[in-house]
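Biologist: Please take one part of this model and look at it closely. I am after the DNA and what lies around it. Keep the sentences short, and tie the pieces together.

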Number of protein chains: 2
Amino acid sequence: MPRPTIDDVATLAGVSIKTVSRVVNREPNVRESTRDKVDKAIASLGYSPNPSARNLASHHARLIVLVYDDPSAYEAPSSGYIINMQEGALKACRKSGFELLIHPCNYRNKDVGKELTELIGQVRPAGIIVAAPLSNMPKIVRAISATKTPCVRLSIGSANVKEYTVATNDRDISAEMTRYLVSLGHRRIAFIRGNKQHKAVGNRFDGYRDGLQESGIAYLEKLVVDGDNSIGSGERCAEQLLKLNPRPTAIFAANDDMAAGVLRVATRLGIEVPRELSIAGCDDISLAQQLYPALTTIRQPLSAMAETASLALIDGSRGRPSAPMLETIPGSIQVRESTAPPPQ
Amino acid sequence: MPRPTIDDVATLAGVSIKTVSRVVNREPNVRESTRDKVDKAIASLGYSPNPSARNLASHHARLIVLVYDDPSAYEAPSSGYIINMQEGALKACRKSGFELLIHPCNYRNKDVGKELTELIGQVRPAGIIVAAPLSNMPKIVRAISATKTPCVRLSIGSANVKEYTVATNDRDISAEMTRYLVSLGHRRIAFIRGNKQHKAVGNRFDGYRDGLQESGIAYLEKLVVDGDNSIGSGERCAEQLLKLNPRPTAIFAANDDMAAGVLRVATRLGIEVPRELSIAGCDDISLAQQLYPALTTIRQPLSAMAETASLALIDGSRGRPSAPMLETIPGSIQVRESTAPPPQ
DNA sequence: CGGATAAATTTAAGCGCTCAAGTAACGACT
DNA sequence: AGTCGTTACTTGAGCGCTTAAATTTATCCG
């Protein structure tokens, strides 16, 4: 029971194989009635095109490469974001009959650029998606650009490179989180900044200030401290903030790990969360749901971002009008248990 | 700068393309000197075969499909195991010039079997790897078998199906964990069983009993309670166990979530871990490292399992002798902070 | 050393598709 | 009526490789 080929379809429909090809590829210049005939033949034979033959003949693979930093290279605990990206990319690929090639790689490796160049040479993908933090490394983006392969950057926060970029609205959503805390009744809202290397952090801090301003609350410098994205730094920052008098009624951390650190300190100090202190994080890592109380946080729209990026590449490979250089996908606030109105 | 083809190599080496093909595919019947010439030509041109052309000509794709349960389909929090599997499969594939096609799917969907059958028809992979829990669903395994596509099951614990299976040694390693607890000085070691649907759970319980017996410790039924794999059930079980007098000095849970529940209860009751109570889990989910104290647990060798499975399929597709029906990859005990000698 | 056998290599065909180029049919316009 | 343009299709070549069959070259044995 060999699988039907385009010839079988053409014979059954009484047309040439090129016409079948036209129908399959949704090309114009096929009469409605002919298209119907072909579609029926395809359905009755259960035909689906052989990807290898297509690729061979068309000189490019119907394939998107998704490149991301390999978490298992250094025991990174949170890998959920990768699954989310894969999910989005897969969704777009499946819809369009493309395949997804995943390529985790270690950004600390000096030869990543060369590695990617070689990979591209091998598989000739229709496009390549580069996730953060690799997407923020000019050397890597340049290496890919040099191959002329269409490339989309996935960026959390920063977006100052010339390539097509799908980014989040970190600033806006951080402002929204701040306003949400205000809406609960909070007035003394502290902020923990993270690693200054990460562009996203700056945007989140800006959003925090925006949110305060829009709510008519004065920005107080002593309510802002610097962490380095780790749980430990979150603990240190929390200790510092909770010593203040009056102490803040809410702490908004630039990422979930630091928020987890805050929660740890609060628990240790016997401060009840959320009754006495509200805590909000950012990123919605899996830990956020597993903590007790579960963390109110900002969910990054990773899946939607990857889907958008894939679709842009797929459409681009079909010669559709290439979309804008910068596309922003909004994140969303996940309200969970760690936030509540402040004590009276 | 078009990429070099087999013809270019053949011309440069002064042989026919078939000879180049022989060299590339490591086929026999090539003189050493000829092989050298070809290898040099390949190196100097930077040649690598076009996968699509190979697939087209050879009627099968150099491609392994990895099928697993889609965690994002129902907000499953722990996705680290998928990354681990992907890592192992990728390692094997890269080594052999294969590609990896990932295929998350929802096992609760009635049509998974059909979905997989169609996928196989589409891509004609060299083999397919099915991860638990799908690998334990006869309907799914049967659907794949029907396509005659080589298939390897990845199984945590159970292994009573006829297909090639890569499994863990749950029973042995659980026994080892039990002996480890005994070696710390524990004598009253409780066990929390999990969801009875999961075959692995039974094996782990058997391992617990083996470990006790090998250590010459009597099995006490009241030290064993049934959970359902959730954190909440772990809490309930812990409450029950910690009411006993004398209470157990160690609790070994059949998975990490339940162990996390135990830890939660202990903290609530003011029982210091590990000084007053040792806790051990199983699976090494990312939560295990994030808890305080970090959980001693059993790490599943997911990466190694997926690598073994991939290699078996790749070798099989090359006509190498197909390996045994059941291959067991040992897990390993991760000693962290939640276990210590019992109080005097 | 000749003929048979095995080893090394070439030749020819074709995998299933796309792409560029070509052809037929039909109107519309001068 | 003849030209042109457009639409709707067909034709033929060829993508880069593998496979099977054909051919050449090396090796063995009496």
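Modeller: Start with one term. A polar contact is a pair of N or O atoms within 3.5 Å. Keep that cut-off in mind as you read the distances. Keep in mind, too, that this is a predicted model.

Take DNA strand C to begin with. In B:Asn29, a polar atom of the side chain lies 3.2 Å from a phosphate oxygen of DNA strand C. That distance is within 3.5 Å, so the pair counts as a polar contact. Now turn to chain A. The side chain of A:Ser21 has an N or O atom 2.8 Å from a phosphate oxygen of DNA strand C. A:Ile6 uses its backbone: an N or O atom there lies 2.4 Å from a phosphate oxygen of this strand. Which elements give two or more residues to the surface near DNA strand C? They are α2 and α4 of chain A, together with α2 and α4 of chain B. The most comes from α4(A), which gives 5 residues.

Now step back from single atoms. DNA strand C is surrounded by 26 residues. A:Ile6 is among the closest, along with A:Tyr47, B:Thr19, B:Arg22 and B:Thr34. What part of the strand faces them? Of the atoms of DNA strand C that come within 4 Å of the protein, 64% are in sugar and phosphate. The surface near this strand has 11 nonpolar, 10 polar and 5 charged residues.

Next comes DNA strand D. It is surrounded by 26 residues. The closest are A:Ser16, A:Thr19, A:Thr34, B:Ile6 and B:Lys18. Sugar or phosphate holds 65% of the strand's atoms within 4 Å of the protein, and the bases hold the rest.

Three of those closest residues deserve a look one by one. An N or O atom in the side chain of A:Ser16 sits 2.6 Å from a phosphate oxygen of DNA strand D. For A:Thr19, the distance from a polar side-chain atom to a phosphate oxygen of DNA strand D is 2.5 Å. For A:Thr34, the distance from a polar side-chain atom to a phosphate oxygen of the strand is 2.6 Å. Which elements give two or more residues to the surface near DNA strand D? Chain A offers α2 (17–24) and α4 (51–58), and chain B offers α2 (17–24) and α4 (51–58). Here α4(B) gives the most, with 5 residues. By class, the surface near DNA strand D has 11 nonpolar, 10 polar and 5 charged residues.

So α4 of each chain keeps coming up. How do α4(A) and α4(B) sit against each other? They pack at an angle of about 135°, and their axes are 8 Å apart. That angle makes α4(A) oblique to α4(B). Why oblique? Angles over 145 degrees count as roughly antiparallel and 65 to 115 as roughly perpendicular, so about 135° fits neither. The crossing of the two helices is left-handed.

Look at who meets whom. From α4(A) come A:Ser52, A:Ala53, A:Asn55 and A:Leu56. They meet B:Ser52, B:Ala53, B:Asn55 and B:Leu56 of α4(B). This contact has 4 nonpolar, 4 polar and no charged residues.

For another helix pair, stay in chain B. Helix α6 (residues 112–123) and helix α7 (residues 138–146) of chain B pack at about 25°, with axes 9 Å apart. That makes α6(B) roughly parallel to α7(B). Their crossing is right-handed. On the α6(B) side are B:Val112, B:Gly113, B:Leu116, B:Thr117 and B:Ile120. On the α7(B) side are B:Ile140, B:Ala143 and B:Ile144. This contact holds 6 nonpolar, 2 polar and no charged residues.

One last stop is the backbone of chain A. Most residues other than glycine have a negative phi, and most peptide bonds are trans. A:Arg26 is not a glycine, yet its phi is positive, at about 55°. A:Arg26 lies in the loop between α2 and α3 (32–45) of chain A. The peptide bond from A:Asn245 to A:Pro246 is cis, with omega near 0°. A:Pro246 belongs to the loop between α10 (231–242) and β8 (250–253) of chain A. The bond from A:Val273 to A:Pro274 is cis, with omega near 5°. A:Pro274 is found in the loop between α11 (256–269) and β9 (278–280) of chain A.

Key. Residues are numbered from 1 along each chain as its sequence is written. Chains are lettered from A and ligands numbered from 1 in the order in which they are written. This is a predicted model: local features need pLDDT of at least 70, side-chain atom pairs count only at pLDDT 80 or more; totals for chains, interfaces and linings use all residues. Side-chain values use heavy atoms; hydrogens and water are left out. Axes are lines fitted to C-alpha atoms, for helices over the stretch in contact, and angles run from 0 to 180 degrees between N-to-C directions. Helices (H or I, at least four residues) and strands (E, at least two) are DSSP runs, numbered from the N terminus. Angles under 35 degrees count as roughly parallel, over 145 as roughly antiparallel, 65 to 115 as roughly perpendicular and the rest as oblique. A crossing is left-handed if the near helix is turned anticlockwise from the far one by less than a right angle, and right-handed if clockwise. Contact means heavy atoms within 4.5 Å. Ala, Val, Leu, Ile, Met, Phe, Trp, Tyr, Cys and Pro count as nonpolar, Asp, Glu, Lys and Arg as charged, and the others, Gly among them, as polar. A residue is near a molecule or strand if one of its heavy atoms lies within 4 Å of it. A polar contact is a pair of N or O atoms within 3.5 Å; within protein, one must be able to donate a hydrogen and the other to accept it, and residues adjacent in sequence count only if both atoms are side-chain atoms.
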